[in-house]
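Student: I should like to work through this structure by question and answer. May we begin with the terms on which the reasoning rests?

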Amino acid sequence: MAFKRGMDIAVSGVGLVIASPIMLLTAILIKIDSPGKVLFMQERIGKDGKVFKIAKFRSMCTGAEHTGSGVYSGKDDARVTRVGKFIRATSIDELPQLYNILKGDMSLIGPRPPLTYHPWTIDKYTEEQLHMFDVRPGITGWAQIHGRKSVEWNKRIELNVWYVRHISFWLDLKIFFMTFLKILRNDDNENTGETVIKQNVKYNGDE
């Protein structure tokens, strides 16, 4: 794990330097395109269940999380700005998370950190599912290269737990390169239907 953390620091540090012109241009375009802050900060669940604030370039209109379909963003979502459509398609909106990696909140490769309330609150994860929080969350991970947004959340968590139990340098390298292919093809980058099946035992009839 010490080696993985060292690689994260090195890659994210170099990445921030290389990507700084793109990030600066993106920030300028976001400010020109729509009113509001350049960065979107959102609480997510990280390693050991600790809550942290993830950083993303804002791709939607201000307050979008509390209007329309809330956390869901499907094709032709009117809340997505013109610049937002491009930075989402190219995953440029995720670049500020390189800073999250330097801080120690995240890793380059790992389970994507879920919202504190979606797909459900942490107290509703099963003992098995909680293992996805045994490692730092990542910008990309095993679930992202196996369906990304098209995969229902119970399956995503299952893929995340598999990753935690099989974590290795070579697996991370495979995920890293496969992620680039996914980005180039813009595969599975839209919610196409329900992302949570409510028949799971975690709900226990509470909802």
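Tutor: We begin with accessibility: a residue is called buried under 20% relative accessible area, exposed over 50%, and partly exposed in between. The model before us is predicted.

Student: Which class does Lys155 fall into at 39% relative accessibility?

Tutor: The class in between runs from the buried limit of 20% to the exposed limit of 50%. At 39% relative accessibility, Lys155 therefore counts as partly exposed.

Student: With which residue does the side chain of Lys155 meet in a salt bridge?

Tutor: The partner lies, like Lys155, in helix α4 (residues 153–166), three residues apart from it, about one turn of the helix. This partner counts as partly exposed, at 48% relative accessibility. The N to O distance of the salt bridge is 3.3 Å, and the residue is Glu158.

Student: Which residues join into one network through salt bridges that share partners?

Tutor: One pair to consider is Lys56 and Asp93, whose closest N and O atoms are 3.9 Å apart. Lys56 lies in strand β2 and Asp93 in the loop between α2 and α3 (97–103), so this pair ties together parts that are 37 residues apart in sequence. Both Lys56 and Asp93 are buried. Through shared partners, the network consists of Lys56, Asp93, Glu94 and Arg112.

Student: Which residues of helix α2 (residues 82–89) are buried?

Tutor: Elements that cover the buried residues of α2 include α1 (2–33) and β2 (51–57). The buried residues of α2 are Val83, Gly84 and Ile87. They lie on the same side of α2, because they cover an arc of only 100° around the axis.

Student: Which exposed residues does the face of α2 turned away from its buried side carry?

Tutor: One of them is Arg82, which counts as exposed at 65% relative accessibility. The exposed residues on that face are Arg82, Lys85 and Phe86.

Student: How far apart in sequence are the parts tied together by the pair Asp33 and Arg82?

Tutor: The side chains of Asp33 and Arg82 meet in a salt bridge, at 2.8 Å from N to O. Asp33 lies in helix α1 and Arg82 in helix α2, so the parts tied together are 49 residues apart in sequence. Asp33 is buried, its relative accessible area being 16%.

Student: Over residues 9–30, how far apart are the end C-alpha atoms?

Tutor: An unreviewed UniProt entry annotates residues 9–30 as "transmembrane region". Over these residues the chain is 100% helix and 0% strand, and the distance between the end C-alpha atoms is 28 Å.

Technical notes. Residues numbered from 1 in each chain as written. Predicted model: local features only at pLDDT ≥ 70, side-chain atom pairs only at ≥ 80, totals over all residues. Heavy atoms only, no water. Buried < 20%, exposed > 50% of the residue type's maximum accessible area, 1.4 Å probe, protein only. Helix = DSSP H or I, 4+ residues; strand = E, 2+ residues; numbered from the N terminus. Arc of directions from axis to C-beta. Contact = heavy atoms within 4.5 Å. UniProt positions renumbered as here; feature names shortened; annotations may be inferred. Salt bridge = Lys/Arg side-chain N within 4 Å of Asp/Glu carboxyl O.
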